[in-house]
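Hello,

Here is the structure I promised to pass on to you. Please open it beside this message and follow along as you read.

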Amino acid sequence: MNNFTFYSPTYFVFGKDEESKTGKYVKRFGGKKVLIHYGGGSVVRSGLLDRVKASLEEEGISFIELGGVKPNPRSGLVYEGIRLCREEKVDFILAVGGGSTIDSSKAIAAGTVYDGDFWDFYMGKPITEALPVATVLTIAAAGSEGSPDSVITKEEGMLKRGASGEALRPVFSILNPALTQTLPREQTAAGVADIMAHLFERYFTNTKEVEVTDRVIEGLLLTMIQEAPKVIKDPDNYEARANIMWAGMMAHNNCCGVGRDQDWASHGIEHELSALYDCAHGAGLAAVFPAWMEYTMKQDVMRFAQLATRVWGCSMNFQNPEITAKAGIDALRVFFKKLGLPLTMAELGGKEEDIPYLAHTACYGNGKKGTVGRFVELKEEDVANIYRLMR
Ligand code: NZQ
Ligand code: ZN
């Protein structure tokens, strides 16, 4: 196991109706003038925004609002948020929504206290300071409620890039699984794929002797495999929603990724798809991951066979472990398909002729030096081959 430090200071508040205490927590974490940031309207329609505002009013906390975050959040609204926060002397950002809203909030939080262009952070400048961000989460997916990451798309050239910094970890996050019951089926399924992808990105490692995190990841994957079909069948299944929501947080706050090298090629490969075709990130990952697995399997067949036996219940073929490894990948495809997720470029709106561009930006965008991934370092040609396997 590698050396590591792990500091995850987010205060989590989990369960039914807990959003009614938002004002109390904002006060406890020092917010006096709040920007409430939200998306395209689901929180307005569900009445959540009104409940959150009422709870701030109860505590005498003043606030302003900025809605309109799109999935795959854009830089334009971030600039507007930064301007608003400076003008109104905002000292606390409250994201009410999903990963896109949270990521946009984090970008505004870092940009408000920085003299330069906030995009510098998405080109690699370290983030050392940000306004405090808190979240009321409405979808189990990105894990941004516990992560130090933010992903923003710059309209010019539709470049989707990530930034990371401990200052971006939310100070508190309220997770009420009942709030996710209004999600459309495709969004629930895309969230499941994203959560599982965060686990796979960590599972495929060249670091040896990482049994503890292997086992945590496998446990979370088994949970997702058991619980996801339940919510697809019955969107009001609170208990299944609860298990998925907490798994989503654990999958990405890095408690199961410490002490090991992580891969992250599939996320890089997917980000190019959601940037160009504006598909849901999780839907893109459902198509990318099985293709990536097939392409990289030979790097460590036994690790793939371990996943197949421990998680998918495949029997081990000792004469030919490749057969076992492949059976695990097939099981993943079948599982995603049952959830109604896409498995091909075409289903995502992708075109064969875009592949060279996609592969190039995946490997050279954002200051990358021509490769993506750590489990296997993929070059432009490899990435193009993976896109081609998505059919
Ligand atoms: O915008 P509204 O109207 O709220 O609708 C949203 C949006 O259309 C809707 N929705 C959310 N909660 C709902 C709901 N509809 C009904 N009822 C509810 N309770 O769902 C749609 C998707 O929302 P979004 O916030 O985009 O979803 P998600 O959480 O999957 O976030 C995706 C973004 O996060 C990034 C992705 O790249 C993508 O841009 N990621 C962020 C990460 C991080 N910060 O740590 C890591 C991830 O790997 C990921 O890259
Ligand atoms: Zn993701």
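**What I found**

Let's begin with Glu57, which sits in helix α3 (residues 48–58). Please keep in mind that this is a predicted model. With a relative accessible area of 53%, Glu57 is exposed, because exposed means over 50%. If you pick Glu57 and Ala325, you will find their C-alpha atoms 56 Å apart in space, and the two residues are 268 apart in sequence.

**The zinc ion**

Now please turn to the zinc ion (ligand 2). Which protein residues are its donors? They are Asp194 (OD), His198 (NE2), His267 (NE2) and His281 (NE2), at 2.0 to 2.2 Å from the ion. Along the chain, the donors of the zinc ion follow the spacing D-x3-H-x68-H-x13-H. Distant parts of the chain are linked here by a pair of residues: His198 belongs to helix α6 (residues 185–203) and His281 to helix α10 (residues 281–296), with their positions 83 residues apart in the numbering.

Are these two histidines buried or exposed? His198 has 2% relative accessibility, so it counts as buried. His281 has 16%, and it counts as buried too. The cut-off behind both statements is that buried means under 20% relative accessible area.

**Helix α9**

Another of the zinc donors, His267, is one of the buried residues of α9. This helix covers residues 265–277, and you can check its length yourself. At 1.5 Å a residue, its 13 residues should span 18 Å; the C-alpha atoms at its ends are 19 Å apart, which agrees.

How many of the 13 residues of α9 are buried? Twelve are, so the helix is largely enclosed by the rest of the structure. Among them are Ala265, Ser266, Gly268, Ile269, Glu270 and Tyr277. Just after α9 comes Asp278, which has a positive phi, near 55°.

Two neighbours of α9 are good to look at in turn.

- The axes of α6 and α9 come within 9 Å and cross at roughly 140°. That makes α6 and α9 oblique to each other. On the α6 side the contact is made by Asp194, Ala197, His198 and Glu201, and on the α9 side by Ala265, Ser266 and His267.
- The axes of α9 and α13 also come within 9 Å, and they cross at roughly 125°. These helices are therefore oblique to each other, and α9 passes α13 in a right-handed crossing. The residues in contact are Gly268, Glu272, Leu273, Leu276 and Tyr277 of α9 with Tyr357, Leu358, Thr361 and Ala362 of α13.

**Helix α13 and the loop before it**

In α13, the buried residues are Ile355, Leu358, Ala359, Thr361, Ala362 and Cys363. What covers them includes α9, together with β7 (159–164), β9 (371–372), β10 (378–379) and α14 (380–389). After α13 you will meet Asn366, whose phi is positive, near 55°.

Where is Gly350? Look in the loop between α12 (321–338) and α13 (355–364). At 16% relative accessibility, Gly350 counts as buried. Apart from neighbours within four places in sequence, its contacts are Tyr277 and Met345. Gly350 and Tyr277 are 73 residues apart in sequence, yet their C-alpha atoms are 6.8 Å apart in space.

**One more helix pair**

Helix α7 (residues 211–233) and helix α11 (residues 301–310) pack at an angle of about 45°, and their axes are 11 Å apart. They are therefore oblique to each other, and their crossing is right-handed. From α7, the contact involves Glu211, Asp214, Arg215, Glu218, Leu221 and Leu222; from α11, it involves Arg303, Gln306, Leu307 and Arg310.

**Two loop residues with positive phi**

Most residues other than glycine have a negative phi. Here are two to check against that.

- Lys89 has a positive phi near 55° and is not a glycine. You will find Lys89 in the loop between α4 (75–87) and β4 (92–97), and it is exposed, with a relative accessible area of 66%.
- Glu209 also has a positive phi, of about 55°, although it is not a glycine. Glu209 lies in the loop between α6 and α7. With a relative accessible area of 70%, Glu209 is exposed.

Enjoy exploring, and write back with any questions.

Best wishes

Definitions and conventions: Residues are numbered from 1 along each chain as its sequence is written. Chains are lettered from A and ligands numbered from 1 in the order in which they are written. This is a predicted model: local features need pLDDT of at least 70, side-chain atom pairs count only at pLDDT 80 or more; totals for chains, interfaces and linings use all residues. Side-chain values use heavy atoms; hydrogens and water are left out. Helices (H or I, at least four residues) and strands (E, at least two) are DSSP runs, numbered from the N terminus. The expected span of a helix is 1.5 Å times one less than its number of residues. Buried means under 20% relative accessible area, exposed over 50%, partly exposed in between (1.4 Å probe, protein chains only). Donors are N, O and S atoms within 2.8 Å of the metal (3.2 Å for Na, K and Ca); water is not among the atoms, so sites may look incomplete. Axes are lines fitted to C-alpha atoms, for helices over the stretch in contact, and angles run from 0 to 180 degrees between N-to-C directions. Angles under 35 degrees count as roughly parallel, over 145 as roughly antiparallel, 65 to 115 as roughly perpendicular and the rest as oblique. A crossing is left-handed if the near helix is turned anticlockwise from the far one by less than a right angle, and right-handed if clockwise. Contact means heavy atoms within 4.5 Å.
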